[in-house]
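User: Hi, can you walk me through this fold? I'm new to this, so keep the terms simple.

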Amino acid sequence: METPFSSNSSGSPDWPRRVPVLIAGGGPVGMTLAALLARHGIASLVVEADEGYCAGSRAICMSRRSQEIFGWVGADKPLVDKGLSWVGGRSYFRDQEVLHFQMPSEPTQRYAPMVNIQQFYAEEFAHKAALAQGGRVDVRWSSKVRAVRPEAGGAQVDIEAPDGAHTVQADWVVACDGGRSTVREQLGLQLEGTQYEGKYVIVDVVQKTRRAVERLAWFDPPSNPGSTILMHRQPDDVWRIDYQIRDDEDPLEAVKPENVLPRVQSHLSMIGEDQPWEPLWISIYNAKCLTLPSYRHGRVLFAGDAGHLVPIFGVRGLNSGLDDAGNLAWKLALVQQGHAADSLLDSYSSERVQATRENIVYGAKSTEFMAPPNHGFRLLREAALRLATEDAAVASLLNPRQSTPVEYVGSPLNLAARESAFAAGARAGMPAPEARLRGVAGDVHLTSCFGAGFVLLHFSAKGELPKDIANLATAGQDGPASVKVIAIASQGEPAANMLADELGQARERYGAIEGSAFLVRPDGYLMGRWKPASAADIAAALKPFQQQLAVAAPHAS
């Protein structure tokens, strides 16, 4: 375990001379990564230019996968308690409903498909979770990364802080410093892709409402002819309203209150929201489909908007950034602790670049519908909307395709040799499916067992566990190299390390049969499956993550 940071005699933390991981950027991705690393035993220094949490709603929709990631560090309960969950939405062409969609959901699931919550709350909950991880996270506000000088064994980072200039040696630097990343600029890297011209004004207003929590969209509404308007309810009686402006409108003029408030009032009046309201925050946005070709550059890694920018439509921005953090944390911890070669981090880049490219494909389609880039796209959209008013079958074309976890097709970590033995169920490279099981203390959601080390699920009728497979468990360990073995029975009473699959959800979703086993990575992704299970095969699959390499030297604070 990495040594926690020390403080000087006055109680104010000194600037460390060297750190295992320096995280540039203390937004939700940087804070979540720090919390996850700390849970895996790795200390980090978070350097954030702002003096505190962000202003305005910014990214507001947290997916089920993001809620799971927050759950790994104990930040899910405040998120779910404060946020507003939802399962679907409606779209209107002018004043006629043309789509009512619902995302997959069921009462037995652990989390709702989406939770609406302002980004500053997500930052707060991730920050508090990071600070609760045994003193392994040092957060420095009002401090800016000014220079990054990569070296063979890490990087030197120059920081401008309220108490002066500092240089910190880091074994690893992770850039989570947003779309205008200083770290990316320092390395001379360029994002590649497409930037769209269509612009949206974003407004937070406080107004009481009884309207259901769902995603709402209007195309060419009578309240704002020619525009597109999105609305989401948020906590604290806040509406998040996004509306498209004309191509010939000056963005600086478009965000002035005297131009924003009449448009908002017109729309609120149109939909019957007549309670008093006031604006809280106004900003402007245009869609970008951009990514770095690689998220690893020696000892410098990129996550979140520093590595990729995807459109807000389908809420893939923050959610993909949190998935970056979930993917990276366990791999970086294994490398830093000497359990795996640093080539493991190449899989972080390949998997997450693939995910970004998939998000960009869907995001580009959504953007071309929500903000048509030219006259031809506008004509096609209007034709689809008009048809949807007459033919319900056309409505599926209007579905916004909300963010879902990506399957890591072709990942170097996938153990695909035994895939042909299975006719159905989750494949290697897919998120391990959720299932509600019964444990000795009551109901257990299977995803609550993930997020620390490796988890081996073994299926049998009565939960009988072969001795050689039981011996794969690493007793007393709680790091990313640890292995927990869980027996899943289709009948009988649950016991220690055994869960009863009374609803049959796990057996069906994993495609399990008697004696089969499934290896889940620390980030909740399925790595391999065996039918029948062989302890020797499973041990061989785990060997690259349980080596004893040369561990990095201790770090002075």
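Analyst: Below we go through the sheets, the cores and the aromatic rings.

User: What kind of model is this, and how are residues numbered?

Analyst: This is a predicted model: local features need pLDDT of at least 70, side-chain atom pairs count only at pLDDT 80 or more, and totals for chains, interfaces and linings use all residues. Residues are numbered from 1 along each chain as its sequence is written, and side-chain values use heavy atoms, with hydrogens and water left out.

User: Let's start with the sheet of eight strands. What is its strand order?

Analyst: The order is 6-5-13-14-15-12-16-19 in an open sheet, and the pairing is mixed. Strands here are DSSP runs of E with at least two residues, helices are H or I runs of at least four, and both are numbered from the N terminus. Two strands pair if DSSP finds at least two bridges between them.

User: Which strands stand at the edges?

Analyst: Strand 6 (96-102) and strand 19 (308-309). Each has a single partner strand, so one side of each is left without a neighbour in the sheet.

User: Who are the neighbours of strand 5?

Analyst: Strand 5 (residues 88-93) pairs with strand 6 in the antiparallel sense, over six bridges. Strand 5 also runs parallel to strand 13, joined by five bridges.

User: Give me some residue partners.

Analyst: Gly-88 stands opposite Gln-102 in strand 6. Gly-89 has Phe-101 as its bridge partner in strand 6. Phe-93 stands opposite Phe-219 in strand 13.

User: What sits between strand 5 and strand 6?

Analyst: Two residues lie between the strands of that hairpin, and Arg-94 takes a positive phi near 60°.

User: Is strand 5 mostly covered or exposed?

Analyst: Mostly covered: five of its six residues are buried. Buried means under 20% relative accessible area, exposed means over 50%, and partly exposed is in between (1.4 Å probe, protein chains only).

User: Which helix lies across strand 15?

Analyst: Helix 7 (residues 257-270) does, running at about 110° to strand 15. Helix 7 also lies across strand 12 (192-206), strand 13 (215-219), strand 14 (228-234) and strand 16 (278-291). For such angles, axes are lines fitted to C-alpha atoms, for helices over the stretch in contact, and the angles run from 0 to 180 degrees between N-to-C directions. Contact means heavy atoms within 4.5 Å.

User: Now the sheet of three strands. What is its order?

Analyst: The order is 3-7-4, in an open sheet with antiparallel pairing. Strand 3 (61-63) and strand 4 (84-86) are the edge strands, and each pairs on one side only. The twist averages 30° from one strand to the next.

User: How many bridges pair strand 4 and strand 7?

Analyst: Three, with strand 7 covering residues 114-116. Leu-84 has Asn-116 of strand 7 as its bridge partner.

User: Which helix packs on this sheet?

Analyst: Helix 2 (residues 64-72), touching strand 3 and strand 7. Its direction makes about 75° with that of strand 3.

User: Switching topic. How many residues are in the largest nonpolar core?

Analyst: It has 91 residues. Such a core is a set of buried Ala, Val, Leu, Ile, Met, Phe, Trp, Tyr and Cys residues joined through side-chain atoms within 4.5 Å. Leu-22, Leu-33, Phe-70, Val-174 and Phe-302 have the most contacts inside the core. Helix 8 (residues 317-336) gives the most to this core, with 10 residues.

User: What does Leu-33 touch?

Analyst: Leaving aside neighbours within four places in sequence, Leu-33 is in contact with Ile-23, Val-174, Cys-176, Ala-325, Leu-328 and Ala-329. A second, separate core has 33 residues, including Leu-99 and Met-103.

User: And aromatic pairs, how many?

Analyst: The count comes to 15. Rings of Phe, Tyr and Trp (its six-membered ring) pair if their centres lie within 6.5 Å; planes under 30 degrees apart count as stacked, over 60 as edge-to-face and the rest as tilted.

User: Why is the pair of Phe-120 and Tyr-121 put in its class?

Analyst: Their planes are at 50°, so the pair is tilted, with the ring centres 4.8 Å apart. Phe-120 is partly exposed at 23% relative accessible area, whereas Tyr-121 is buried at 15%.

User: What about Phe-459 and Phe-518?

Analyst: Their planes are at 80°, so that pair is edge-to-face, with the centres 5.4 Å apart. Phe-459 lies in strand 22 (residues 454-460) and Phe-518 in strand 25 (residues 517-520), so the pair ties together parts that are 59 residues apart in sequence. Both are buried.
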